[in-house]
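User: I'm new to this structure and would like a close look at one part of it. Could you walk me through the metal-binding region, piece by piece?

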Amino acid sequence: MQYEPYIRLGAFGGVFLAMAIWELAGPRRQQTFGRHIRWPSNLGIVALDALLVRLVFPTTAVGLALVADARGWGLFHLVALPTWIVVVASVVLLDLAIYLQHVLFHAVPVLWRLHRMHHADLAFDVTTGLRFHPIEILLSMLLKLAVIAALGTPAVAVFIFEVLLNATSMFSHGNVRIAHGLDAVLRWVVVTPDMHRVHHSIQSTETNSNFGFNLSWWDRLFGTYRPEPSAGQEAMTIGIEQFRDPRELRLDRMLVQPFHGSVGGYPFGRWTGGT
Ligand SMILES: [Zn+2]
Ligand SMILES: [Zn+2]
């Protein structure tokens with residue numbers, strides 16, 4: 001565990017670099033808004049999010065898992081299972097929790113206000129996968145800590161899950177071309193860029209589909225799977241109906257997006273939250 005920060009940073013840097021090169025070598029779409037406009041803001045928000053999580057929370061997710069283990073908290077301490085089964089089950093259940101959280105952020109208007117910043121990116125590439133509003137990041141950290149304490153997930157499973165989710169989020173947002181046959185095979189297990197791009201369509205029926213980040217099973221299981229955007233991968237419009245002015249791609253504008261403008265027609269929950 002002493003190498004934990006290095007493994008995290010190495011995996012992040014390695015996957016980011018690989019995706020960035022792949023996007024140059026084999027892009028899926030012509031991007032209307034290029035890297036020089038979007039990357040400083042998208043990467044700026046990642047740094048801000050990481051700093052904020054460190055400042056706000058007294059523990060990391062792995063730290064809490066170690067405490068839960070020492071004190072015998074959580075479901076997994078009530079049953080005697082082989083360690084490898086507990087680790088695999090923990091990673092899968094954490095992924096399910098993230099899927100359900102993502103659905104919730106699309107259903108509840110006030111949560112959608114926070115999450116829509118992720119969708120307001122006017123192009124779709126590796127940095128889109130890192131672009132989340134700081135308040136959304138803090139709320140999802142809170143939920144993750146609650147799930148870890150309730151399940152008693154081993155620290156190693158939390159570590160694997162966090163590194164994996166970070167890597168797969170960059171992969172699934174890649175503006176990269178993958179042969180159709182390979183994409184179809186990969187989709188049976190993981191969310192591919194072509195699958196997740198549907199989720200970034202301007203059309204609300206498409207925005208409200210393909211919520212998975214990591215495993216593609218949840219969308220198929222819960223009926224939220226949509227194989228392709230109706231306009232096609234190359235012609236589809238990326239983003240949401242609000243915030244289409246390129247000035248909205250600036251970091252300061254991104255941070256205030258939850259707090260201005262109407263909630264719009266995207267949230268599918270019945271509770272309107274008053275706006
Ligand atoms: Zn979303
Ligand atoms: Zn996304």
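Analyst: In this predicted model, the zinc ion (ligand 2) is held by four histidines: His118, His173, His196 and His200 each offer their NE2 atom, at 2.1 Å. If you follow the chain with your finger, these donors are spaced as H-x54-H-x22-H-x3-H. What arrangement do the four donor atoms make around the zinc ion (ligand 2)? Their angles run from 88 to 162°, and the arrangement is therefore irregular. To count as tetrahedral, four donors would need all their angles between 85 and 135 degrees. For orientation, the ideal angle for four tetrahedral donors is 109.5 degrees.

Next, see where two of these donors sit. His118 belongs to helix 5 (residues 109-119), while His200 is in the loop between helix 9 (193-197) and helix 10 (204-207), so this pair ties together parts that are 82 residues apart in sequence. Are these two histidines buried or exposed? His118 has a relative accessibility of 0% and so counts as buried. His200 is buried too, because its relative accessible area is 0%.

Now let your eye move to the neighbouring metal. The zinc ion (ligand 1) and the zinc ion (ligand 2) are separated by 5.5 Å. Which residues coordinate the zinc ion (ligand 1)? Here the NE2 atoms come from His102, His106, His115, His119 and His199, at 2.0 to 2.2 Å. Along the chain, the donors of the zinc ion (ligand 1) follow the spacing H-x3-H-x8-H-x3-H-x79-H. Among them, His102 lies in helix 4 (residues 83-107) and His119 in helix 5, so the pair ties together parts that are 17 residues apart in sequence. Both His102 and His119 are buried.

It helps to put the two sites side by side. Helix 5 holds His118, a donor to the zinc ion (ligand 2), and helix 5 also holds His119, a donor to the zinc ion (ligand 1). From the loop between helix 9 and helix 10 comes His200, which coordinates the zinc ion (ligand 2), whereas His199 coordinates the zinc ion (ligand 1).

For a contrast with these buried histidines, turn to helix 6, where you will find Ile135. With a relative accessible area of 34%, Ile135 is partly exposed. Together with Leu139, Leu142, Val256 and Phe259, Ile135 makes a nonpolar surface patch of about 440 Å².

How values were computed: Residues are numbered from 1 along each chain as its sequence is written. Chains are lettered from A and ligands numbered from 1 in the order in which they are written. This is a predicted model: local features need pLDDT of at least 70, side-chain atom pairs count only at pLDDT 80 or more; totals for chains, interfaces and linings use all residues. Side-chain values use heavy atoms; hydrogens and water are left out. Patches are made of residues with over 30% relative accessible area and no salt bridge: like charges are joined within 9 Å, nonpolar side chains (Val, Leu, Ile, Met, Phe, Trp, Tyr) within 5 Å. Accessible areas come from the Shrake-Rupley method with a 1.4 Å probe; for residues, only the protein chains shown count as cover. A salt bridge is a side-chain nitrogen of Lys or Arg within 4 Å of a carboxyl oxygen of Asp or Glu. Helices (H or I, at least four residues) and strands (E, at least two) are DSSP runs, numbered from the N terminus. Buried means under 20% relative accessible area, exposed over 50%, partly exposed in between (1.4 Å probe, protein chains only). Donors are N, O and S atoms within 2.8 Å of the metal (3.2 Å for Na, K and Ca); water is not among the atoms, so sites may look incomplete. Four donors count as tetrahedral if all angles lie between 85 and 135 degrees; four count as square planar and six as octahedral if opposite donors are over 155 degrees apart and all others between 65 and 115; anything else is irregular.
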